[in-house]
Amino acid sequence: MPAITATDLTKQYKDTLAVDRIAFEVREGECFGFLGPNGAGKTTTMKMIYGHSPITSGRLEVFGIDVRTRVREVKAQTGVCPQEDNLDPDFTVRRNLVVYCRYFGIDPAEAAKRSEELLEFVALREKADGPVMALSGGMKRRLVLARALLNRPRLLILDEPTTGLDPQARQVLWEKIRELRRKGTTILLTTHYMEEAAQLCDRLVIMDKAKILVKGSPAELTAKHARPTVVEVWNPPAAAEAWVKARGTPCERHGDRLYAYPDAGEALQRELVTRFNAEQVIVRRGTLEDVFLRLTGRDLRE
Ligand SMILES: Nc1ncnc2c1ncn2[C@@H]1O[C@H](COP(=O)(O)OP(=O)(O)O)[C@@H](O)[C@H]1O
Ligand SMILES: [Mg+2]
């Protein structure tokens with residue numbers, strides 16, 4: 001049985017169609033990613049899955065349970081790290097966990113035990129008696145993660161868990177996510193860090209404008225939608241761009257960069273440097289970021 005099945009899933013807010021007849025299936029135990037520019041509909045999709053936002057039409061089942069009619073059962077098996085931190089600033093770190101246990105009807109002795117275990121898991125024991133205000137951004141995200149795990153969820157939903165964190169804090173969270181995945185938790189992750197998706201997700205979808213554009217593993221999507229080899233030239237001399245085109249190598253210009261997609265990257269790089277004195281020329285493999293930009297465009301979404 002799949003962990004999640006969605007067909008024709010739709011969300012209409014007053015005058016915004018936020019999710020438009022999307023379909024996807026998440027397997028139990030996998031880490032499944034939702035990528036997409038701001039406003040794509042990722043958070044709305046998450047909210048429908050954890051029963052926070054009623055679905056407008058379509059079907060949505062979590063562990064075979066219809067979210068429309070049995071939302072309490074879905075919530076009992078789900079842990080959520082929402083996009084916006086909603087910790088209680090009036091409580092200490094530990095109290096944020098203990099109090100949250102009531103929501104699941106966990107008795108006080110058990111609540112104390114689980115809170116201690118999870119403080120240990122997210123390395124916040126030393127901060128346990130201090131105020132939430134004293135935590136760094138990364139610590140707050142770890143506390144939200146601990147809180148999401150109090151009910152020992154089979155499904156964990158992480159909506160942009162690492163946005164705004166520094167690289168160290170991000171690495172720590174990635175390690176925790178991997179550990180949970182190894183233990184068999186099904187994980188849904190939204191992110192706009194392509195590297196994060198490539199590292200953590202078994203499979204993912206790219207959404208834009210309320211629709212799913214593509215789905216697959218990071219490797220499949222890269223193989224299918226990115227060019228294998230990319231040569232990037234910063235501030236290319238005008239003659240260089242013309243020469244690349246004349247030689248029939250596919251290429252495109254964005255701002256101060258020329259992107260060329262040759263069969264042999266190093267050879268093109270060498271020629272650009274020797275013939276045109278081009279200064280910054282790099283050769284790299286196509287990435288998930290190339291796939292994302294190719295499918296969703298380069299214009300800003302704010
Ligand atoms: N509560 C709401 N009421 C009305 N419109 C909303 C609400 N929440 C989100 N939207 C709109 O729905 C669209 C999708 O938003 P969202 O799901 O938050 O996208 P994402 O998480 O991919 O950035 C956006 O156009 C957004 O403005
Ligand atoms: Mg969002």
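These are my notebook entries on the domains, the sheet, strand β8 and the ligand shell of a predicted model.

**Ground rules.** I count residues from 1 along each chain as its sequence is written, and I letter chains from A and number ligands from 1 in the order in which they are written. For local features I need pLDDT of at least 70, and side-chain atom pairs count only at pLDDT 80 or more, while totals for chains, interfaces and linings use all residues.

**Domains.** I looked up how the protein chain is divided and found domain 1 (4-223) and domain 2 (227-285). The bounds come from an automatic or database domain assignment. The centres of the two domains, taken over C-alpha atoms, are separated by 41 Å.

**Sheet.** I traced an open sheet of 6 strands in the order β6-β7-β8-β3-β9-β10, with mixed pairing. Strands (E, at least two residues) and helices (H or I, at least four) are DSSP runs, numbered from the N terminus. Two strands pair if DSSP finds at least two bridges between them. At the edges I noted β6 (78-81) and β10 (211-216), each pairing on one side only. On average, neighbouring strands of this sheet are turned by 15° against each other, direction ignored. For such angles, axes are lines fitted to C-alpha atoms.

**Strand β8.** Which strands pair with β8 in the parallel sense? Strand β3 (residues 31-35) does so over 5 bridges, and strand β7 (residues 155-159) also over 5 bridges. On the β3 side, G33 has L189 as its bridge partner. On the β7 side, I157 is partnered by L188. From β7 the chain crosses through helix α6 (residues 167-182) to β8, and I recorded this β-α-β crossover as right-handed (clockwise from the first strand over the helix to the second, with the strands pointing away from the viewer). D159 stands opposite T190.

I then checked burial. A residue is buried if 20 or more other C-beta atoms, placed from the backbone, lie within 10 Å of its own. In β8 (residues 186-191), 6 of 6 residues are buried. In a regular strand the side chains alternate between the two faces of the sheet. Here T186, L188 and T190 are buried on one side, and I187, L189 and T191 on the other.

**Ligand 1.** I listed the residues around ligand 1 (C-beta atom, placed from the backbone, within 6 Å); among them are Y13, T16, N38, K42, T43 and T44. Helix α1 (residues 42-49) gives the largest share of the shell, 3 residues. By class I have 3 nonpolar, 7 polar and 1 charged residues; Gly counts as polar, Ala and Tyr as nonpolar, and Lys as charged.

Notes
Buried ≥ 20, exposed ≤ 12 C-beta atoms within 10 Å, placed from the backbone. Axes fitted to C-alpha atoms, helices over the stretch in contact; angles between N-to-C directions.
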